[in-house]
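Reader: I should like to examine how the descriptive terms applied to this model are justified. Please set each value against the criterion behind it.

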Amino acid sequence: MISFYPGPSRIHDEIPAYVTDAYNEGILSASHRSDAFVALSKQTIELLQEKLRIPNDYTVFFTSSATECWEIIAQSLIKDKSHHFYNGAFGQKWFDYTKRLRNAESLPFNLNEKPDLTQLGDISDSDLICVTQNETSNGTQLGNRVIRSIRKQYPDALIAVDATSSMAGIRLDFKTADIWYASVQKCFGLPAGLGVMVCSPKAVHQAAEIGEKDHYNSLTFMTEMMKKWQTSYTPNVMGIYLLKRVLEDSDTISKTHEKTVKRYEAWVDFLAETKTLKHLVKLKEVRSYTVIPVSAQPDIVQQIKNDARKEGLLLGEGYGQWKNDTFRIANFPALKKKEIKKLMKFLQKY
Ligand SMILES: *Cc1c(COP(=O)(O)O)cnc(C)c1O
């Protein structure tokens, strides 16, 4: 089965061999306080910085998932209040989780709307502005330019970015925000169970100033431990090992970005030529490069999903209000050209 599900998704072909290597190298039985683990952690973080072009003064943390990052950010980085700017289910979930822990305000916008920053209004009381760079539920994205203009308009607040389904798939301008996070079962092409969180010096400083120390994953503890390339709990060593091996093989992000955009454009052209299928998002400027949402009549969507399985193709379900009349196609780097061709050929029949 080829998984075009937008996470967990297709994993790299080399994974089984790397799992065997991990076993043979003995890293899977090593303590997370051992020199072997520290070396692995350091190498992996340096590779992340190099391949994804993460600034050297930003700190990289390992977490268990993007969901855990929602919690870390809320508990450790908000003094009074956060503001959440979103147009889909993941942005909404982030807001909902944060509201349980801290004061949070939501600023939703519509699917086919270019986010209007004047809509943010007076948010001078904000510690943190939260945006979803790639909204996996409906296949939209906020470009680097939008994030840059938020920074310009609100130079004092921290900006946190959910890049769960785009990090390692497209070029992100890390300098324009303070906290970025992702989990590896999306664009990294790895098995689930590991998250990556990237923090600017300003974010680390704010965590220290707030000084929240109530949790095993309080950012203050995480920062202390990461000075020694370690984590505050036993981490997913296998996941970190696989991440290292996959990063060693991978192109620089500029090259991957080009590949992703080219494939995205091929999908847009393909959909424009079919009669029954349409890109869910009308406004071109906000379309995601890494998740393609396809809309059609509900009976056709059902038919396609059923037939696809028989052909060994797994499509992503529609999400929330788009459950019945859309399906989603992952455009993640681990997918092969011939697999995309196969899916296009299959979809041509409808
Ligand atoms: C998948 C996803 C999440 C949740 O990731 P987990 O690894 O399940 O915690 C959060 N935000 C976005 C945008 C996602 O695509």
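Reader: In which strand is Gln 141 found?

Author: The model is a predicted one. Gln 141 is found in strand β7, which covers residues 140–141.

Reader: Why is Gln 141 called buried?

Author: The relative accessible area of Gln 141 is 10%. Buried means under 20%, and therefore Gln 141 with its 10% is buried.

Reader: What makes the approach of Gln 141 to Arg 287 a polar contact?

Author: A polar atom of the Gln 141 side chain lies 3.0 Å from the backbone oxygen of Arg 287. The cut-off is within 3.5 Å, and the pair at 3.0 Å meets it.

Reader: Which residues come nearest to the ligand?

Author: The ligand has 13 residues around it, and those that come nearest are Thr 67, Thr 136, Asp 162, Ser 183 and Lys 186. By class, the shell holds eight polar, three nonpolar and two charged residues. Helix α3, residues 66–77, gives the most to this shell, with three residues.

Reader: What makes the approaches of Lys 186, Ala 66 and Thr 164 to the ligand polar contacts?

Author: The cut-off is a pair of N or O atoms within 3.5 Å. Lys 186 places a polar side-chain atom 2.7 Å from a ligand oxygen. A polar backbone atom of Ala 66 is 3.2 Å from an oxygen atom of the ligand. For Thr 164, a polar side-chain atom lies 3.5 Å from a ligand nitrogen. The protein buries 87% of the 390 Å² that the ligand exposes when taken alone.

Reader: How do you know that helix α8 has a span close to the expected one?

Author: Helix α8, residues 237–249, has 13 residues and reaches 19 Å from its first C-alpha to its last. The expected value at 1.5 Å a residue is 18 Å, and the 19 Å of α8 is close to that.

Reader: Why is α8 described as mostly covered?

Author: Ten of the 13 residues of α8 are buried. Among them are Val 237, Ile 240, Leu 243 and Leu 247.

Reader: Where is Ser 41, and what makes Ser 41 buried?

Author: Ser 41 belongs to helix α2, residues 35–52. The relative accessibility of Ser 41 is 0%; the limit for buried is under 20%, so Ser 41 counts as buried. Ser 41 and Ile 240 are 199 residues apart along the chain, yet their C-alpha atoms are separated by 7.2 Å. Ile 240 is one of the buried residues of α8.

Reader: Why does Val 268 count as buried and Glu 265 as partly exposed?

Author: Helix α9, residues 253–273, contains Val 268, and Glu 265 lies in α9 as well. Val 268 has a relative accessibility of 17%, which is under 20%, so Val 268 counts as buried. Glu 265 has 42%; this value falls between 20% and 50%, and Glu 265 therefore counts as partly exposed. In space, Val 268 is 9.6 Å from Lys 284, C-alpha to C-alpha, with their positions 16 residues apart in sequence. The C-alpha atoms of Glu 265 and Thr 234 are separated by 42 Å, and these residues are 31 apart along the chain.

Reader: What makes β11 and β14 edge strands?

Author: The open sheet has four strands in the order β11-β12-β15-β14, with antiparallel pairing. β11 (278–279) and β14 (316–317) each pair on one side only, and these are the edge strands.

Reader: How do you know that β15 pairs with β14 and with β12?

Author: Pairing requires at least two bridges. Strand β15, residues 326–330, and β14 have two bridges in the antiparallel sense, and Glu 317 stands opposite Phe 327 in β15. Five bridges join β12, residues 291–295, to β15, also antiparallel. There Pro 293 stands opposite Arg 328 in β15.

Reader: Why is β15 called mostly covered, and which way do its residues point?

Author: Five of the five residues of β15 are buried. Thr 326, Arg 328 and Ala 330 point one way, whereas Phe 327 and Ile 329 point the other way. In a regular strand, side chains alternate between the two faces of the sheet.

Conventions: Residues are numbered from 1 along each chain as its sequence is written. This is a predicted model: local features need pLDDT of at least 70, side-chain atom pairs count only at pLDDT 80 or more; totals for chains, interfaces and linings use all residues. Side-chain values use heavy atoms; hydrogens and water are left out. A residue is near a molecule or strand if one of its heavy atoms lies within 4 Å of it. A polar contact is a pair of N or O atoms within 3.5 Å; within protein, one must be able to donate a hydrogen and the other to accept it, and residues adjacent in sequence count only if both atoms are side-chain atoms. Accessible areas come from the Shrake-Rupley method with a 1.4 Å probe; for residues, only the protein chains shown count as cover. Ala, Val, Leu, Ile, Met, Phe, Trp, Tyr, Cys and Pro count as nonpolar, Asp, Glu, Lys and Arg as charged, and the others, Gly among them, as polar. The expected span of a helix is 1.5 Å times one less than its number of residues. Buried means under 20% relative accessible area, exposed over 50%, partly exposed in between (1.4 Å probe, protein chains only).
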